Amino acid sequence: MHTFTYSSAPARILFGAGRMADLADEVRRLGRRALVVTTPEQRDLGAQLVDLLGELCAGYFDGATMHTPTDVTARAMDTLRNSGVDCIVAGGGGSAIGLSKALAVRTGLPQIAIPTTYAGSEVTPILGETEDGRKTTRRAPEILPRVVIYDVNLTLSLPPTLSASSGLNAIAHAAEALYAKDCNPITSMMAEEGIRALGGSLGAIASDPANLAARAKAQYGAWLCGTCLGAVGMALHHKICHVLGGTFDLPHAPTHAVVLPYVLAYNARAASDAVTRIGRALASDPNSAADADASRYLHGMLEQLCLPSSLAALGMPAGKLDVVADLVMQQAYWNPRPVERASLMRMLEAAFAGTPPSADLSM
Ligand code: NAD
């Protein structure tokens, strides 16, 4: 076993159906005046949280949007200052939690995250923010929510295609954790288990979105995959998705779902052990006939789960792949295979067209 360093994130996790009922007690552990943040589409959830908190709720903001634009954060900061709050409660997916993190890093206030997707942001000390079409990322201890409440009931309303793409977004965290420069046996174990849990539940959710057991398994997988994202460094896949989201405003989770198979094909030789482990974890779904080729299997899942399977289908403008390649090359992440422009362009072209990822992308 190689030498490694493992730091565990100091978060408190409440897991299970109905756990949202613990919210007021959790707020009392942190403060007395909570600001509730959510997205415009999740106002009903926001109202439920305000109701549950009663007099512990001192402020409300429902303007969170994807990729955490700094102008939205500035407006939420006005609400925060005017209400004199001492903690933040985020209800929603990565967008609501991203805004909460942006507020926490500016104020030092503790946060409680109540995730409703599988994005995993709630268990990472990472914040991605967008300003003037550029997404930048930073890490800091105060960005990590202190408490996470995983209440499976809140995921039942997540539409099937969003559930599928969000689950694949989580799988992408675990996949890159398996070949991370600073990977270690603990995160690798969580990564495989997280992929196994999601790989074995997304099909069941697609055919029956009210399947509580499958929803709980997916949420458990999302927690593990998100923990991997927070614990080790990510690589080329996350870099490409940041550029596509921040500069071209492509939707976060569906972009991860489309790009992942191509990056795994790109890294297949350089990270062969990791890619084999990903295929093994996916293939352990008893209902699947996976051939353990992780990239082809994941690409095939897109059609099975009724998801777009190309960047073109996500609205990526034709003729802009050069810009993506330039931005990726400018601020390159560590990657198991050195990133070289010509092969990166070939991979982006395949992802744009949605052609099945082939072995020659690894060369
Ligand atoms: P999201 O939060 O934008 O949610 C997508 C849409 O689904 C929104 O309209 C939302 O209101 C709605 N929604 C969410 N949960 C729902 C539910 N249960 N029922 C019905 N509707 C629901 O999407 P996301 O993919 O969760 O998050 C994307 C954002 O999170 C991006 O900005 C991304 O950069 C960030 N992110 C950050 C990290 C991190 O560690 N920093 C990790 C993952 C994602």
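Partly exposed, as the term is used in these legends, covers residues whose relative accessible area lies between the buried range, under 20%, and the exposed range, over 50%. Arg277, at 27% relative accessibility, is therefore counted as partly exposed. The structure shown is a predicted model.

**Figure 1. The whole protein chain, with its helices, strands and overall dimensions.** The secondary structure of the protein chain comprises 14 helices and eight strands. Its radius of gyration is 20 Å, close to the 21 Å that the globule rule gives for 363 residues, so the chain is as compact as a globular protein of that length. Measured out along the principal axes, the C-alpha trace spans about 60 × 45 × 45 Å, and buried residues account for 57% of the 363 residues.

**Figure 2. A salt bridge between helices α6 and α11, and the network around it.** In this view Glu192 and Arg277 form a salt bridge in which the closest N and O atoms are 2.4 Å apart. Glu192 belongs to helix α6 and Arg277 to helix α11 (residues 272-283), so the pair ties together parts of the chain that are 85 residues apart in sequence. Salt bridges with shared partners join Glu192, Glu193, Arg196, Arg277 and Arg280 into one network. The two partners of the bridge differ in their surroundings, because Glu192 is buried, with a relative accessible area of 8%, whereas Arg277 is partly exposed at 27%.

**Figure 3. Two further salt bridges, Asp62 with Arg43 and Glu129 with Arg138.** A search of the whole structure finds 15 salt bridges, and one of them is formed where the side chains of Asp62 and Arg43 meet, at 2.8 Å from N to O. Asp62 lies in the loop between β3 and α3 while Arg43 lies in helix α2 (residues 43-53), so this pair ties together parts that are 19 residues apart in sequence. Asp62 counts as buried at 17% relative accessibility, and Arg43 counts as partly exposed at 45%. Glu129 likewise forms a salt bridge with Arg138, with 2.8 Å between the closest N and O atoms. Here Glu129 is buried, with a relative accessible area of 7%, and Arg138 is partly exposed at 36% relative accessibility.

**Figure 4. The aromatic cluster of Phe15, Tyr150 and Trp223.** Three aromatic pairs are counted in the structure. Phe15 and Tyr150 form a tilted pair, with 5.8 Å from centre to centre and 50° between the ring planes. This pair links distant parts of the chain, since Phe15 is in strand β1 (residues 12-15) and Tyr150 is in strand β8 (residues 147-150), 135 residues apart. Ring pairs link these two residues and Trp223 into a cluster. Within the cluster, Phe15 counts as partly exposed at 30% relative accessibility, whereas Tyr150 is buried, with a relative accessible area of 1%.

**Figure 5. Arg337 over the ring of Tyr266.** The view centres on the charged end of Arg337, which sits over the ring of Tyr266 at 3.8 Å from the ring centre.

**Figure 6. A nonpolar surface patch that includes Met189.** Met1, Phe4, Tyr6, Ile186 and Met189 make up a nonpolar surface patch of about 550 Å². One of these residues, Met189, is found in helix α6 (residues 185-199), and Met189 is exposed, with a relative accessible area of 53%.

**Figure 7. Thr68 and Cys306, two loop residues with positive phi.** Although Thr68 is not a glycine, its phi is positive, at about 45°. Thr68 lies in the loop between β3 (57-61) and α3 (70-83), where it is buried, with a relative accessible area of 6%. Cys306, which is not a glycine either, has a positive phi of about 60°. Cys306 is found in the loop between α12 (294-304) and α13 (321-330), and it is exposed, with a relative accessible area of 61%.

**Figure 8. Lys239 in helix α9, with Ala283 as a second point of reference.** Lys239 is found in helix α9 (residues 236-248) and counts as buried at 6% relative accessibility. The C-alpha atoms of Lys239 and Ala283 are separated by 27 Å, and these residues are 44 residues apart along the chain.

Notes. Residues numbered from 1 in each chain as written. Predicted model: local features only at pLDDT ≥ 70, side-chain atom pairs only at ≥ 80, totals over all residues. Heavy atoms only, no water. Patch = residues over 30% accessible without salt bridge, like charges linked within 9 Å, V, L, I, M, F, W, Y side chains within 5 Å. Areas by Shrake-Rupley, 256 points an atom, 1.4 Å probe, with all protein chains shown as cover. Salt bridge = Lys/Arg side-chain N within 4 Å of Asp/Glu carboxyl O. Helix = DSSP H or I, 4+ residues; strand = E, 2+ residues; numbered from the N terminus. Buried < 20%, exposed > 50% of the residue type's maximum accessible area, 1.4 Å probe, protein only. Phe/Tyr/Trp six-rings, centres within 6.5 Å; stacked < 30°, edge-to-face > 60°. Lys NZ or Arg CZ within 6 Å of the ring centre and 35° of its normal. Rg over C-alpha atoms; globule rule 2.2 N^0.38 Å.
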